[in-house]
Amino acid sequence: MYAELVLTLIYTFIFGSLYLGIALGFSIIAGILRIFYIAYPVLFLIPAYGTWMFWRDVGLSFELSIILSFALMFAVSVVIYKFVINKFLEVEDYMLVAFLLVFLVVQEVINLVYPEAAGVYLPTLIIPGTIDVGPLKIPGQFLLVSIASMAMMALYIALFVKTKTGLIMRAISQSYLYSKVMGINFDLMFVIAMIIASIPPGVVMLLISPVWAFNPHIGWTLFAYGIMVAVLGGLGNLRGTIIAAYVIGFVHSVVAFAFYQPRLGSLICLIVVVVILALRPRGLARAETVW
Amino acid sequence: MAISRTVLAAIIVVVVVVIGVAAYFLTLPTAPPLRSVKIALLYDPTIPVLKAQGEAAKVAIEEINAGGGVLGVKIEYKEWNTMRKVDVALAAYREAVVDWGAQYVILEGVSEEMLALMEEGAKLYPKYPHVLMYVGMAGEVTIKVINEYDKYKFAFRMFDADYDANVLRPASIFWDAKNVLGVSKIAILIEDAAWTLGARQGLRVETKHGVIEQKPLRDIAKEIGLEVVYEAAFPVGEKNFIPYLETAYAKGAEYIFVMSSWYTDCVTLVKQWSASIARDIYLEPYGGPNHWTIFWDLTGGAALGMISGVFDIEDYPPVSPYTQSFVKKMHQRGLRVDMSAHYYYSAVYHIKEAIEYVAKLGKDPNNIDEVIKALETVPCSSHTLLPKERAVLGSKERGRFHSYPGCIPPHFQFQGKDKIVLVGYGIENPYFREQYPENFLKQYFGALMPPKKPAELRKG
């Protein structure tokens, strides 16, 4: 029983942190820009396949390839902002369709150039095998991703709470109209928000790829986790996102390690989400501000 | 000059023999000329693994045409993208048979597509005789043919019968686990899909050819002498295998068999295995990209120590003269070869051999009824994975009718990059040893290499 309890707790942390890292960028965009960013899956794909492209096809060093792939992702985010969000902010249905098209085009291009049989793989395995945590051996790379996710979360909280830029972003997320009256440069703030929101999915994808699925279709799968966490937490609220990520991580762990029924993990998570949303339709935290 | 009686008798015998032989050849029926061979390829070329299967059939067609065709007639082919959807596949099928006049249709798709096409084909057949071939799992296809032969005789499943795929092949895997890897406690993880129902629960189906029985995997393992310490089903598309691997380790498994298909994310499974507490336990996935040599790259080397059937090796045991050349040609096209790709390729050759057999008997090679009978009678001597003795579609044992008695592939271990070694023949199991030709092993397979524990391989 003791072993099951410890396993449950440790994997609550691991799975919860992983879900947090996946959902973080989506929550930031939803919180600040107040949009449902369906093009989010491209933020998992571009850093990963961009790195491969610069590294293997262009022949640059691996480290430089990572930097350039993130630069590419920032550029894509800015382009999406300029040509989709900026243009269709007031016409939400057009914007959603445009997001979907952007995602599908990026995915299909990647699938065409780097199909699964191309054998794309990134050597980002930093902690191979397991590491000892008390009496248990825990997958080291999973633990690394969890810690990276928590670190990014902490940085973003500090940004929102401690900096002037964060204050402005919180103000925008609280009231778009009043912020405008105060003379805030929306274009700049939204572009910054898009860029900082694109970092967590890229980092998570690079670090998780040695121990997780990595193919041109993985973006949507990860996005599904992100939506579940963000919606349960209260769309666009980081406090809620944190709570929701660990609630889902806990449910997964309990079902898998305490009841030995991993097959039912996803189903029970969805039931929990439905029940919570039935009781609290706006999620675990009220979504009035990003923090 | 008097002729002795003996000489006279000899002359008479010779004359009779000459006249008899001449009469035989003169009265031998001559087959009418073959008018055309049209093959329709129905598949989804947008998915890499499925594209490879369509391309495999095309490789066979190109080879046959380059060699003079079938009875001197070049094979024509056309492709349709089914998008793996039943309605699209049905429309493509009708167009292929009715509008284009395909006599042979080879479908790659989900079993629902094949079952729908069979119903449509039963209506089309009287006016548009043709053969419908499907490379995939779905015992229902075979059972329909057995129980309603006149209605569905045009349908063939150019793949292993369920009994062979779900009983004999796992039995070979378990036998090698016990006798080659030397394990006694195993975990069984099963993809929770319709095709694994028998593996999970067992099956008993009564047919016109008798009862088909399939034991669940746990019972097969027990019969081989293995203790099943953990069994679990996992959902299709599962991305988090850590709980299954942790539990297998906690229960003391020494070997994990994963009943997987292409719908299981085997890349993720193997990556997580190599990063988990279970990484010193032997792991053997069943179907999926682990059939490819490039699986090593896909997993970034996480496959080190993994056991699998691998059908993509250029020096794969030459079961027929076509085996190695086929794999090389596919690689030259930048395509990978799994088990199904071999069967697609071989299906085209089986059609050729059946048509030629009909003509050899002096019958009309354009008569599809005759070709169907020939397919049931003539083994495919060009099959790239099945020895001629098993490349037959007419066996009425264990629900094998209109499907093959199956491939029992050798087991390989990923012992390093570009080092995939043969560790088990797969057919030593007395369960079915007698079904293979006596000299099969010596004829086709090289020497076995000793398997190594994953931990030993990691140390280098």
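Where along chain A is the place of Arg280(A)? In this predicted model, Arg280(A) lies in the segment that follows helix α11 (265–279) of chain A. The residue is partly exposed, because 14 other C-beta atoms are found within 10 Å, a count that falls between the limits of 12 or fewer for an exposed residue and 20 or more for a buried one. Arg280(A) and Leu232(A) are 48 residues apart along the chain, and a distance of 9.0 Å separates their C-alpha atoms.

The chain that holds this residue contains 11 helices and 2 strands. In sequence order, the elements of chain A follow the pattern α-α-α-α-β-β-α-α-α-α-α-α-α. The radius of gyration of chain A, 19 Å, is close to the 19 Å given by the globule rule for 291 residues, and chain A is therefore as compact as a globular protein of that length. Along the principal axes, the C-alpha atoms of chain A fill a box of roughly 60 × 50 × 35 Å. Of the 291 residues in chain A, 50% are buried. Among the contacts of chain A with a separation of 6 or more, 73% are made by residues 24 or more positions apart.

Chain B is described here through its sheet. In chain B, 5 strands form an open sheet with parallel pairing, arranged in the order β2-β1-β3-β4-β5. The edges are occupied by β2 (75–81) and β5 (155–157) of chain B; each has a single partner strand, so one side of each is left without a neighbour in the sheet. On average, and with direction ignored, neighbouring strands of this sheet are turned by 20° against each other.

Within the sheet, strand β1 (residues 37–43) of chain B pairs with strand β3 (residues 104–107) of chain B in the parallel sense, over 4 bridges. At the residue level, Ala40(B) has Val105(B) in β3(B) as its bridge partner.

Two helices of chain B that pack on the sheet are considered next. Helix α3 (residues 86–99) of chain B touches β1, β2 and β3 of chain B, and the direction of this helix makes about 170° with that of β1(B). Helix α4 (residues 111–124) of chain B also packs on the sheet, where it touches β3, β4 (131–134) and β5 of chain B. The direction of helix α4 of chain B makes about 175° with that of β4(B). Strand β3 of chain B is thus touched by helix α3 as well as by helix α4.

Technical notes: Residues are numbered from 1 along each chain as its sequence is written. Chains are lettered from A and ligands numbered from 1 in the order in which they are written. This is a predicted model: local features need pLDDT of at least 70, side-chain atom pairs count only at pLDDT 80 or more; totals for chains, interfaces and linings use all residues. The radius of gyration is taken over C-alpha atoms; the globule rule is 2.2 Å times the number of residues to the power 0.38. Two residues are in contact if their C-beta atoms, placed from the backbone, lie within 7 Å. Two strands pair if DSSP finds at least two bridges between them. Axes are lines fitted to C-alpha atoms, for helices over the stretch in contact, and angles run from 0 to 180 degrees between N-to-C directions.
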